[in-house]
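This report describes selected features of one protein chain. Please look at the sequence and the structure below before reading on.

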Amino acid sequence: MTERTLSIIKPDATRRNLTGKINSKIEEAGLRIIAQKRVRLSPAQAGKFYAVHKDRPFFSELVEFMSSGPVVVQVLEGDDAVSKNRAVMGATNPAEADPGTIRKEFAVSLTENSVHGSDATESAAVEIAFFFADVEIVG
């Protein structure tokens, strides 16, 4: 079934100019990038986006990191887009990620793990709407 999901290329990856390499892996996995923009999140925006984690011990560090530099936000589309994107990203902890995944190849650490992806179609819809107006999604 064709789905849409959100992908974020995080500040550690944009700092190292890895956007093109990460996009190649996403496209090789059979996903289409149907919207994309480079933005700099304020701490307030990062906090709002990651509000689901506000009671977790890593929340402050996550907000600080995600607002530390530019990110590339994307809407991906394809058959089973959520699960395909999560597979190509690899495990959250890069030490546990499979070879060939984005996190195995590019992540610096558990925190600086290069990419974010929606975990379900329901969260994808909310996350996409956080960053994109309908007219910006041109797939």
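The text that follows treats the strands, one helix, the aromatic rings and several individual residues of this predicted model.

**Strand β1 and its partners**

Strand β1 (2-9) is a suitable starting point. Of its eight residues, six are buried, so that β1 is mostly covered. How many bridges join β1 to β3, and in which sense do the two strands run? There are eight bridges, and the strands are antiparallel. One of the positions can be named: Leu6 has Val75 as its bridge partner in β3. β1 also pairs with β4, again in the antiparallel sense, over three bridges. Here Ser7 stands opposite Gly117, a residue of β4.

A general remark helps in reading such strands: side chains in a regular strand alternate between the two faces of the sheet.

**Arg4, a residue of β1**

Arg4 lies in β1. Is this residue buried or exposed? The answer lies in between: its relative accessible area is 36%, and Arg4 therefore counts as partly exposed. Its side chain makes a polar contact of 2.9 Å with the side chain of Glu77. Residues up to four places away in sequence being left aside, Arg4 touches a list of residues that includes Ile34, Val75, Leu76 and Glu77. Ala124 and Ile128 are also among the residues that Arg4 touches, and both of these belong to the buried residues of helix α7. By contrast, the C-alpha atoms of Arg4 and Gly69 are separated by 25 Å, the two residues being 65 apart along the chain.

**Helix α7 and its two sides**

Helix α7 comprises residues 121-131. Which of its residues are buried? They are Ser123, Ala124, Glu127, Ile128 and Phe131. Because these residues cover an arc of only 135 degrees around the axis, they lie on the same side of α7. The face turned away from this buried side carries the exposed residues Glu122, Val126 and Ala129. Against what do the buried residues of α7 pack? Their packing partners are the strands β1, β2 (32-39), β3 and β4 (115-117), together with the helix α3 (43-49).

**Aromatic rings**

The model holds four aromatic pairs. In one of them, the ring centres of Phe49 and Tyr50 are 4.9 Å apart and the planes stand at 90 degrees; since an angle over 60 degrees counts as edge-to-face, this pair is edge-to-face. Phe49 and Tyr50 are both buried. Ring pairs join Phe49, Tyr50, Phe130 and Phe131 into a cluster. Phe131 is also one of the buried residues of α7. A further ring, that of Phe132, has Lys37 over its face, at 4.8 Å from the ring centre.

**Residues in loops**

Four loop residues are set out in the table, each with its place and its relative accessibility.

| Residue | Loop | Relative accessibility |
|---|---|---|
| Asn17 | between α1 (11-15) and α2 (19-28) | 66%, exposed |
| Ser67 | between α4 (59-66) and β3 | 12%, buried |
| Asp80 | between β3 (71-79) and α5 (81-89) | 38%, partly exposed |
| Thr92 | between α5 and α6 (102-106) | 43%, partly exposed |

Two of these residues call for a comment on their backbone. Most residues other than glycine have a negative phi. Asn17, however, has a positive phi of about 60 degrees although it is not a glycine. Asp80, likewise not a glycine, has a positive phi of about 50 degrees.

Ser67 is buried because its relative accessible area of 12% is under 20%. A polar atom of the Ser67 side chain lies 3.3 Å from the backbone oxygen of Glu64. When residues up to four places away in sequence are not counted, Ser67 touches Arg40, Leu41, Ser42 and Pro43.

Which residues are in contact with Thr92, leaving aside its neighbours within four places in sequence? They are Arg103, Leu110 and Asn113. The C-alpha atoms of Thr92 and Phe130, residues 38 apart along the chain, are separated by 22 Å.

Methods: Residues numbered from 1 in each chain as written. Predicted model: local features only at pLDDT ≥ 70, side-chain atom pairs only at ≥ 80, totals over all residues. Heavy atoms only, no water. Helix = DSSP H or I, 4+ residues; strand = E, 2+ residues; numbered from the N terminus. Buried < 20%, exposed > 50% of the residue type's maximum accessible area, 1.4 Å probe, protein only. Arc of directions from axis to C-beta. Contact = heavy atoms within 4.5 Å. Polar contact = N/O pair within 3.5 Å; in protein donor to acceptor, adjacent residues only side chain to side chain. Phe/Tyr/Trp six-rings, centres within 6.5 Å; stacked < 30°, edge-to-face > 60°. Lys NZ or Arg CZ within 6 Å of the ring centre and 35° of its normal. Pairing = 2+ DSSP bridges.
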